[in-house]
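Q: Could you take a close look at one helix of this model and walk me through its surroundings, step by step? I would like a connected account rather than a list.

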Amino acid sequence: MTSIVQDRWRRALAACLLTMSASTAIAQSPDGSFSNPTRFMPRDGEVIYRTSCQACHMSAGEGASGAGVYPALAKNSKLQARRYPVYIVVNGSKAMPPFRNLLDDEQVPAVVNYMRTHFGNGYRDTVSASDVKSARP
Ligand code: HEC
């Protein structure tokens with residue numbers, strides 16, 4: 001029997017493992033240099049979505065429900081107010097983990113801007129690093 005808690009942990013673990021495998025690939029980069037910051041972690045919004053968000057919100061942002069409820073990000077009118085998704089990504093909410101220590105002030109806008117312009121969302125005003133700074137506790 002899968003409890004809600006087990007399901008949440010399974011998804012959180014999947015997201016962590018994906019993030020960790022991305023860092024391992026970097027640590028093993030052939031020249032061993034960290035001079036290019038793009039090698040540290042994905043900087044691209046879509047890649048961040050695939051590695052950090054998709055495990056819970058699904059590949060087309062359709063969300064999921066079953067043992068837990070993972071809201072759809074697709075065609076989501078709550079994403080219109082740009083500070084709202086920034087706040088949720090930085091601070092988490094209920095079963096959604098906070099990403100403030102995992103994603104920096106450029107990565108949060110990258111994934112939020114990606115989500116707000118994909119999955120049937122057409123919000124063209126962009127989120128910036130200063131929005132992230134003001135959402136941090
Ligand atoms: C471990 C599962 C999990 C992961 C990973 C996750 N989320 Fe969530 N997310 C949730 C849950 C559960 C909620 C609903 C929280 C609540 O009910 O308050 C949520 C809510 C949200 C919301 C608010 C949606 C609404 O309609 O109010 C946004 C935006 C969001 N997540 C974006 C993201 C982004 C972007 C990422 C990746 C950086 C991400 N989530 C990663 C589980 C997750």
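A: What follows is a close look at helix α4, with the rest of the chain brought in where it helps.

The model is a predicted one, and its protein chain holds five helices and two strands. Read from the N terminus, these elements come in the order α-α-β-β-α-α-α. Of the 137 residues in the chain, 26% count as buried. Among the contacts that join residues at least 6 apart in sequence, 59% link residues at least 24 apart.

Against that background, how many of the eleven residues of α4 are buried? Nine of them are, so α4 is largely enclosed by the rest of the structure. The buried residues are Q107, V108, P109, A110, V111, V112, Y114, M115 and R116, a set in which the polar Q107 and the charged R116 appear beside nonpolar residues. The cover over these buried residues includes α2, α3 and α5.

Of these covering elements, α2 can be described in some detail. Two packed helices are described by the angle between their axes and the distance between the axes. Here, helix α2 (residues 45–57) and helix α4 (residues 107–117) pack at an angle of about 95°, and their axes are 8 Å apart. The two helices are therefore roughly perpendicular to each other, since angles of 65 to 115 degrees are put in that class. On the α2 side the contact is made by G45, E46, I48, Y49 and C53, and on the α4 side by Q107, A110, V111, N113, Y114 and M115. Sorted by character, the residues of this contact divide into seven nonpolar, three polar and one charged.

The helix also takes part in the largest nonpolar core, which has 23 residues. The residues with the most contacts inside this core are V86, V89, V90, V108, V111, V112 and M115. The elements that give two or more residues to the core are α2, α3 (83–91), α4 and α5 (129–135), and α4 gives the most, with six residues. V111 and M115 thus turn up in two settings, as they are listed both in the contact with α2 and among the residues with the most contacts inside the core.

M115 deserves a closer look of its own. Leaving aside its neighbours within four places in sequence, M115 is in contact with Y49, G61, L73, L79, P85 and N121. Of these partners, Y49 is also one of the α2 residues that meet α4.

Past the end of the helix, the chain continues with F119, whose phi is positive, near 60°. Most residues other than glycine have a negative phi. Other examples of a positive phi in this model are M58, at about 75°, and K75, near 45°, neither of which is a glycine. M58 is placed in the loop between α2 and β1 (64–65) and counts as partly exposed, with 16 C-beta neighbours inside 10 Å. K75, by contrast, is exposed, with 12 other C-beta atoms within 10 Å, and its place is in the loop between β2 (69–70) and α3.

K75 leads back to the region after α4, because G120, within four-place neighbours left aside, is in contact with A74 and K75 under the criterion that C-beta atoms lie within 7 Å. G120 lies in the loop between α4 and α5 and counts as exposed, with 12 C-beta neighbours inside 10 Å. The C-alpha atoms of G120 and L73 are separated by 9.0 Å, although these residues are 47 apart along the chain. L73 is also one of the contacts of M115. In the loop between α4 and α5 there is also T126, which is exposed, with 12 other C-beta atoms within 10 Å. T126 and R82 are 44 residues apart in sequence and 7.8 Å apart in space, C-alpha to C-alpha.

Lastly, there is the ligand. It is surrounded by 24 residues, the closest being C53, C56, S93, A95 and M96. At least two residues of this shell are supplied by each of α1 (4–27), α2, α3 and α4, while the largest share, five residues, comes from α2. The residues of the shell divide into 17 nonpolar, four polar and three charged. C53 connects this part of the picture with the earlier one, being among the residues closest to the ligand and also among the α2 residues that meet α4.

Methods: Residues are numbered from 1 along each chain as its sequence is written. This is a predicted model: local features need pLDDT of at least 70, side-chain atom pairs count only at pLDDT 80 or more; totals for chains, interfaces and linings use all residues. Axes are lines fitted to C-alpha atoms, for helices over the stretch in contact, and angles run from 0 to 180 degrees between N-to-C directions. Helices (H or I, at least four residues) and strands (E, at least two) are DSSP runs, numbered from the N terminus. Angles under 35 degrees count as roughly parallel, over 145 as roughly antiparallel, 65 to 115 as roughly perpendicular and the rest as oblique. A nonpolar core is a set of buried Ala, Val, Leu, Ile, Met, Phe, Trp, Tyr and Cys residues joined through C-beta atoms within 7 Å. A residue is buried if 20 or more other C-beta atoms lie within 10 Å of its own, exposed if 12 or fewer, and partly exposed in between; C-beta atoms are placed from the backbone. A residue is near a molecule or strand if its C-beta atom, placed from the backbone, lies within 6 Å of it.
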